[in-house]
Amino acid sequence: MPSPYRAIFSAPGTKGFSAAGFLGRMPLSMMGIGVVTMISQLTGRYGLAGALSATLAMSAAVCGPQVSRLVDRYGQRRVLRPVTLVAVAAVAGLLVCAQQGAPEWTLFVFSVGAGCVPSVGSMVRSRWAEIYRGSGRDLHTAYSWESIVDEVCFIFGPIISIGLSTAWFPEAGPLIAAAFLLVGVFWLTAQRATEPMPHPKSQHTGGSALRSRGLQVLVATFVATGAIFGGVDVVTVAFAEERGHKAAASLVLAVYALGSCLAGAVFGLLHLKGNPATRWLVGVGAMAVSMIPLLLAGNLPLLAVALFVAGLAIAPTMVTTMALVEAHVPRTKLTEGMTWTSTGLAVGVALGSSAAGWVVDAAGAKAGYAVPVVAGALAAAVAFLGYRRLAGPAATGGRGEDDRDLRTDDERVA
């Protein structure tokens, strides 16, 4: 492990909560595709499978920020354990109903409950922020590390989920995803020494973290960014199927995540200067431009190369986003603020997947790549129009002197 990464793990407890967070995040990439695989095998109905997956995503988008808001107020252990038990019970109900051929409405009811999962990535990042508050360099490396973990989950999660459901039994993918969630969350919340202290109710003033003008820009941009990801996933599967190699779609998408993973690893080693808002704007623009070559790819090898290059812009942009969230959101609402960015992505993925599916049905897979191209252009436009909110000084929102010091350090070092 390169020395900057080794250095951040010198703090007590960091290896433990990062490992627990990795397990707890695996369902993020496993559950939706696992449900699609399960339902398509049991019923042969891709429409129903896609609708249930979208229900999961939208439920997570609605519930995630509310769960994180409770975490900021009452602490991770008190909130995450009961919420996780509810989600796991809902997954169990979904699997039983699917296996027994229960009425469709029961599948949707349990999908809503299964979507009430905590944003484990935000919980882990808030622990890093607590440990390295005031050290922008170490926090930059920590956020880069977590971005790498995210991409590793997206490289291997779908492969595990699809593989288990096809080789073992249809319900295996979602079942193992639920097990990962249960073990990861309970392991994470057992580590009390690194858990951020909840803030007194008197400090939770001003409503939601989304009232931050800077966070509004980040979330709106991430809705369009999520549409990129959702569109790419759906169209790539269709593209591979049209060429008679549907199974190769998972490998091509893994290459996309690999590009992001490698870029995140390198980004964490860099000692960057300048305004992070400018760096973020460049990253969003690079993601948008990188979508254009997808329209020109005529075969799977060329598509894999184009997606690898496109992936290089993802992790650095995500890392910079977390630094901007911390700069523009009060400390008492940090976990909620980080979760709102995930919510924006989830909403965008659902929208992008739906739009891409419609275009593919109407005009074919190659034309479907117009969806991520348009989504990228929208993301760049929103980022450009909202840049001044992020580049200017952020209100402290009651965070106090320590947070002002941290923001200055981030802008100087991150």
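# Close-up views of a predicted model

**Figure 1. Helix α6 and its buried residues.** The buried residues of α6 are V120, G121, S122, M123, V124, R125, S126, R127, W128 and A129. The model shown here is predicted. Helix α6 is mostly covered, with 10 of its 12 residues buried. Its length can be checked too. At 1.5 Å a residue, the 12 residues of α6 should span 16 Å. The C-alpha atoms at its ends are 17 Å apart, so the expected and modelled spans agree.

**Figure 2. The whole protein, for orientation.** The fold has 17 helices and zero strands. The chain holds 414 residues, and 56% of them count as buried. Among contacts with a separation of 6 or more, 85% join residues 24 or more positions apart. The accessible surface comes to about 16600 Å². Carbon and sulfur atoms hold 69% of that surface.

**Figure 3. The salt bridge between R25 and E146.** The structure holds five salt bridges. One of them joins the side chains of R25 and E146, with N and O 2.4 Å apart. The pair links distant parts of the chain. R25 sits in helix α2 (residues 14–43), and E146 sits in helix α7 (residues 136–167). The two residues are 121 residues apart. R25 and E146 are both buried.

**Figure 4. The salt bridge between R125 and D150.** Here the side chains of R125 and D150 meet, N to O, at 2.7 Å. This pair also links distant parts of the chain: R125 belongs to helix α6 (residues 120–131), D150 to helix α7. They stand 25 residues apart. Are these partners buried or exposed? Both R125 and D150 are buried.

**Figure 5. The salt bridge between R192 and E195.** The closest N and O atoms of this pair are 3.1 Å apart. The two ends differ in cover. R192 has a relative accessible area of 48%, so R192 is partly exposed. E195 has a relative accessible area of 11%, so E195 is buried. Another group of residues is tied together by shared partners: salt bridges join R25, R125, E146 and D150 into one network. Side chains of opposite charge can pair when their charged atoms come close.

**Figure 6. The surroundings of E195.** Where is the place of E195? E195 lies in the loop between α8 (172–189) and α9 (213–242). Why does E195 count as buried? Its relative accessibility is 11%, and the cut-off for buried is under 20%, so E195 counts as buried. A polar atom of the E195 side chain lies 2.7 Å from the backbone nitrogen of Q76. The E195 side chain also makes a polar contact of 3.1 Å with the side chain of R192. Leaving aside residues up to four places away in sequence, E195 touches G75, Q76, R77 and R127. One of these, R127, is among the buried residues of α6.

**Figure 7. A nonpolar surface patch.** F156, I159 and I160 make a nonpolar patch of about 250 Å² on the surface. I159 has its place in helix α7. Why does I159 count as partly exposed? Its relative accessible area is 40%, which falls between the cut-offs of 20% and 50%, so I159 is partly exposed. Helix α7 also carries E146 and D150, the acidic partners shown in Figures 3 and 4. Unlike I159, which is partly exposed, E146 is buried, and D150 is buried as well.

Definitions and conventions
Residues numbered from 1 in each chain as written. Predicted model: local features only at pLDDT ≥ 70, side-chain atom pairs only at ≥ 80, totals over all residues. Heavy atoms only, no water. Salt bridge = Lys/Arg side-chain N within 4 Å of Asp/Glu carboxyl O. Buried < 20%, exposed > 50% of the residue type's maximum accessible area, 1.4 Å probe, protein only. Polar contact = N/O pair within 3.5 Å; in protein donor to acceptor, adjacent residues only side chain to side chain. Contact = heavy atoms within 4.5 Å. Patch = residues over 30% accessible without salt bridge, like charges linked within 9 Å, V, L, I, M, F, W, Y side chains within 5 Å. Areas by Shrake-Rupley, 256 points an atom, 1.4 Å probe, with all protein chains shown as cover. Expected span 1.5 Å × (residues − 1).
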